[in-house]
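Reader: I am new to protein structures and would like to talk about empty space. Could you show me one?

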Amino acid sequence: MKVAALQMVSGTHLDDNLAAARALLEQAAREGAELAVLPEYFCIMGRKDTDKLALQESPGEGPIQDFLARAARELGLWVVGGTLPLRGNDPVRVRNTTLAFNPEGACVARYDKIHLFHFDNGQDQFHESRVIEPGDEVVQFELRSREGELWHVGLSVCYDLRFPELYRAHAHAGADLLLVPSAFTHTTGKAHWEVLLRARAIENLAYVLAPAQGGVHENGRRTWGHSMLVDPWGEIAALHAEGAGIALGTLARARLREVRSQLPALGHRVL
């Protein structure tokens, strides 16, 4: 099954970002992808963290969710909408939410980002919990390919990548594919992005598909990019380094079985 990690350099205007996302989704469909995953904050990279509050939607309604459902239906794709702001329980914060849509345009899974980014090196400062309310639930969904293969897909977002216990929970629940839509900073991405993605794949003997923001944004922020597909042995199967574009690769059930039979580490867990 072909899958696509869609890399964006999202700006401050919703309509422009949705148009850019649609173009990438159409490209993924033309190139044969069955699953296309957008990056974190695909719909907006605001000038201020609070800008996303103005775009917040209630679950099941709103222009961003309508866009994702329509794209999935019209293009015949499984579409995972990186993240978008959904209303939560706190009136001054939102959930940073991933939604998965099947090719009929129905939403089949929702994951609210659990771990919230906090980084301060004296120059770059990020404190997501000021405007984002964390989730608390591990979420997977089932995807059946056009050839009839069933894939168990585990959801995560960006900073979650640093917390291996989340991915171990996915592995314990049978995940074959782990999604990591992200907006890694250039500083942290250069240092840790690839090694963490490959580690999560190796530890859990699973494919990892990680679409990212990748470039210099209108707000002056620079993101690392390097969207990629990593196979269960930790090898990079597809990569798009910088700027908008697609990392397109193939999931192979035979490869998954081969790696897991040669090194059945998941069955050797003790703790």
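Author: Here are some questions and answers about a pocket, a cavity and one residue. This is a predicted model, where local features need pLDDT of at least 70, side-chain atom pairs count only at pLDDT 80 or more, and totals for chains, interfaces and linings use all residues. Residues are numbered from 1 along each chain as its sequence is written, and side-chain values use heavy atoms, leaving out hydrogens and water.

Reader: What makes Arg221 buried yet without a salt bridge?

Author: Buried means under 20% relative accessible area (1.4 Å probe, protein chains only), and Arg221 falls in that class. A salt bridge needs a side-chain nitrogen of Lys or Arg within 4 Å of a carboxyl oxygen of Asp or Glu. The nearest side chain of opposite charge, Asp49, is 6.0 Å away, so Arg221 has no salt bridge.

Reader: Why is the reach of Arg221 to Ala183 called a polar contact?

Author: A polar contact is a pair of N or O atoms within 3.5 Å, one able to donate a hydrogen and the other to accept it; residues adjacent in sequence count only if both atoms are side-chain atoms. The side chain of Arg221 reaches the backbone oxygen of Ala183 at 2.7 Å, so the distance fits that limit.

Reader: Where is Arg221 found?

Author: In the loop between β11 (207-210) and β12 (227-230). Arg221 is also among the residues nearest the centre of the largest pocket, which has 27 lining residues.

Reader: Which strand gives the most to that pocket's lining?

Author: Strand β7 (residues 125-127), with three residues.

Definitions and conventions: 1 Å grid on protein atoms, 1.4 Å probe; cavity = no way out; pocket = protein on both sides within 12 Å on 5 of 7 lines; lining within 4 Å. Helix = DSSP H or I, 4+ residues; strand = E, 2+ residues; numbered from the N terminus. Buried < 20%, exposed > 50% of the residue type's maximum accessible area, 1.4 Å probe, protein only. Lys, Arg positive; Asp, Glu negative; His and termini not counted.
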